[in-house]
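Visitor: I should like a close look at one part of this model, namely an aromatic ring with charged side chains over it. Please then place it among the aromatic pairs.

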Amino acid sequence: YLDMQCHMLANHPAFFGLGGVHIWRSGYTDEERMRWMWRMFEHYCMQGRRDRVSSAPYEVTHIRNADFTEGLGGWTVDAAGAGAVRAAQHKGYGKLQGRYYRGNDTFALLKRSTAGPNTISQTITGLQVGRTYSVKLLSADYGELLAGSSVKGIHPMAVTIEGAELVEGAKYQYQEPYSTRGRLGGFTDQNPLWINMHWHVFRASGTTATLRISDWVSPNEPGGPAGQELAVNFVEVKPYLMD
């Protein structure tokens with residue numbers, strides 16, 4: 001989308017004689033987008049080119065039903081018991097997550113069991129062999145969301161990509177809690193819902209790979225209390241620009 005914007009600045013007559021371009025706001029962004037912006041500054045502003053920097057499409061279709069707006073459609077479900085995995089929604093949740101202007105309020109719910117892990121999986125399609133991609137998703141404690149009170153912490157769960165090469169390094173694989181800043185029910189800036197962001201970078205070994213999301217930290221270790229429900233959504237797989 002940034003490339004589409006810069007491409008318009010470079011080509012539309014309304015922007016002839018534009019005095020400068022900058023990214024709003026660099027303090028909000030991540031290191032990959034900063035690298036993209038430098039490429040665009042160089043390409044459009046310094047070299048004066050008018051063709052697109054990237055051939056990547058605006059819409060990415062590597063994952064279907066990434067926000068569970070179609071229930072569990074497109075996902076393979078391996079549940080530990082009846083009702084342990086289901087689709088749900090909570091009005092206002094997307095906005096609470098910080099998804100500007102609007103966001104889907106839907107998610108998948110995984111209820112932890114001692115009988116075994118709950119897993120949802122899907123084939124990642126349309127990959128280019130040798131290209132790097134990022135996988136991102138968000139999780140929240142559903143009980144905390146309903147209670148209006150949350151505790152900062154890591155959600156015991158696992159996100160794995162099979163059939164691809166994981167890129168090693170702290171900035172390429174992590175799970176991090178962050179606080180919401182919106183208002184919903186009892187949640188405010190001072191009383192946030194603590195959400196986890198899960199992030200992995202991988203290099204495609206083939207045209208497909210398998211994404212698995214589980215509420216156990218490993219096949220033999222629950223890692224968290226039985227009965228805990230984790231809300232999972234905003235699953236995104238997209239091309240990743242390496243250093």
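Guide: In this predicted model, Arg99 is positioned over the face of Phe234, at 4.0 Å from the ring centre. The ring of Phe234 also has the charged end of Lys136 over it, 3.6 Å from its centre. Both contacts fall under the criterion that NZ of Lys or CZ of Arg be within 6 Å of the ring centre and within 35 degrees of the ring normal.

Turning to contacts between rings, a search of the whole structure yields eight aromatic pairs. One of them joins Tyr1 and Tyr58, whose ring centres are 5.5 Å apart; because their planes meet at 50°, the pair is classed as tilted. Tyr1 belongs to the segment before helix H1 (2–11), while Tyr58 belongs to the loop between helix H2 (31–46) and strand E1 (76–78), so this pair ties together parts that are 57 residues apart in sequence. Tyr1 is exposed, with a relative accessible area of 59%, and Tyr58 is likewise exposed, at 54%.

The rings of Tyr93 and Phe107 have centres 5.4 Å apart and planes at 80°, so this pair is edge-to-face. Here too distant parts of the chain are linked: Tyr93 lies in helix H3 (residues 93–96) and Phe107 in strand E3 (residues 106–111), 14 residues apart. Tyr93 and Phe107 are both buried, whereas Tyr1 is exposed, as is Tyr58.

Finally, one aromatic cluster is formed by Tyr172, Tyr174, Trp199 and Tyr240.

Conventions: Residues are numbered from 1 along each chain as its sequence is written. This is a predicted model: local features need pLDDT of at least 70, side-chain atom pairs count only at pLDDT 80 or more; totals for chains, interfaces and linings use all residues. Side-chain values use heavy atoms; hydrogens and water are left out. Rings of Phe, Tyr and Trp (its six-membered ring) pair if their centres lie within 6.5 Å; planes under 30 degrees apart count as stacked, over 60 as edge-to-face and the rest as tilted. Helices (H or I, at least four residues) and strands (E, at least two) are DSSP runs, numbered from the N terminus. Buried means under 20% relative accessible area, exposed over 50%, partly exposed in between (1.4 Å probe, protein chains only).
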